[in-house]
Amino acid sequence: MATREASHAGSWYTDDGPTLSKQLQSWLDHVPDSIDGVGQIPQPGARIIIAPHAGYSYSGPAAAWAYKCLDLSN
């Protein structure tokens, strides 16, 4: 599979891979497994999300909520 250089590394998000992985995992870990009145996360059958995509320092925690709602079981 072809890859390209991460053009925004070091500006919109850290350019250190291990630090980036820790940040992403931390934001995902802060999203609960269920929400009162909504139910389980991920939402069964959720295949599309609308997520913010500004620099991770601005939108990382909010984007984590969107991505964690995706149902990747199928």
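pLDDT is the predictor's confidence in each residue, on a scale from 0 to 100.

**Figure 1. Confidence of the predicted model.** The structure shown in every view is a predicted model. The mean pLDDT of the protein is 91, and 100% of its residues reach 70 or more. Among the elements, α1 has the highest mean pLDDT, at 95, whereas strand β2 (residues 39-40) has the lowest, at 90.

**Figure 2. The aromatic cluster formed by Tyr13, Trp27 and Tyr56.** The structure holds two aromatic pairs. In the pair of Tyr13 and Tyr56, the ring centres are 5.4 Å apart and the planes meet at 35°, so this pair is tilted. Tyr13 belongs to the segment before α1 (17-29) and Tyr56 to helix α2 (residues 56-68), so the contact of the two rings ties together parts that are 43 residues apart in sequence. Tyr56 also pairs with Trp27: here the centres lie 6.2 Å apart and the planes are at 75°, so the arrangement is edge-to-face. This pair links distant parts of the chain, with Trp27 in helix α1 and Tyr56 in helix α2, 29 residues apart. The members of the cluster can also be described by their exposure. Tyr13 is partly exposed, with a relative accessible area of 23%, and Tyr56 is likewise partly exposed, with a value of 30%. Trp27 is buried, with a relative accessible area of 19%, because the limit for a buried residue is under 20%.

**Figure 3. The bend in helix α2 at Ala62.** Helix α2 bends by about 40° at this residue. The end C-alpha atoms of α2 are separated by only 15 Å, while a straight helix of 13 residues would span 18 Å at 1.5 Å a residue.

**Figure 4. The buried residues of helix α2 and their packing against α1.** Ser59, Gly60, Ala63, Ala64 and Ala66 are buried in α2. An α-helix has 3.6 residues a turn, so residues three or four places apart point the same way. The buried residues of α2 pack against α1. Ser59, located in helix α2, has a relative accessible area of 5% and is therefore buried. With neighbours within four places in sequence left aside, Ser59 is in contact with Pro52, His53 and Ala54.

**Figure 5. Surroundings of Leu28 in helix α1.** Leu28 counts as partly exposed, at 29% relative accessibility. Not counting residues up to four places away in sequence, Leu28 touches Ala64 and Lys68. Ala64 is one of the buried residues of α2. The C-alpha atoms of Leu28 and Asp15 are separated by 19 Å, and these two residues are 13 residues apart along the chain.

**Figure 6. The largest nonpolar core, made of five residues.** The core comprises Trp27, Val31, Ile41, Ala64 and Cys69. In soluble globular proteins, nonpolar side chains tend to be buried together. Trp27, one of the core residues, is also a member of the aromatic cluster with Tyr13 and Tyr56. Cys69 touches Ile41, Pro42, Gln43 and Ala46, when residues up to four places away in sequence are not counted. Among these contacts, Ile41 belongs to the core as well.

Note on methods
Residues are numbered from 1 along each chain as its sequence is written. This is a predicted model: local features need pLDDT of at least 70, side-chain atom pairs count only at pLDDT 80 or more; totals for chains, interfaces and linings use all residues. Side-chain values use heavy atoms; hydrogens and water are left out. Rings of Phe, Tyr and Trp (its six-membered ring) pair if their centres lie within 6.5 Å; planes under 30 degrees apart count as stacked, over 60 as edge-to-face and the rest as tilted. Helices (H or I, at least four residues) and strands (E, at least two) are DSSP runs, numbered from the N terminus. Buried means under 20% relative accessible area, exposed over 50%, partly exposed in between (1.4 Å probe, protein chains only). The expected span of a helix is 1.5 Å times one less than its number of residues. The bend at a residue is the angle between axes fitted to the seven residues ending there and the seven starting there. Contact means heavy atoms within 4.5 Å. A nonpolar core is a set of buried Ala, Val, Leu, Ile, Met, Phe, Trp, Tyr and Cys residues joined through side-chain atoms within 4.5 Å.
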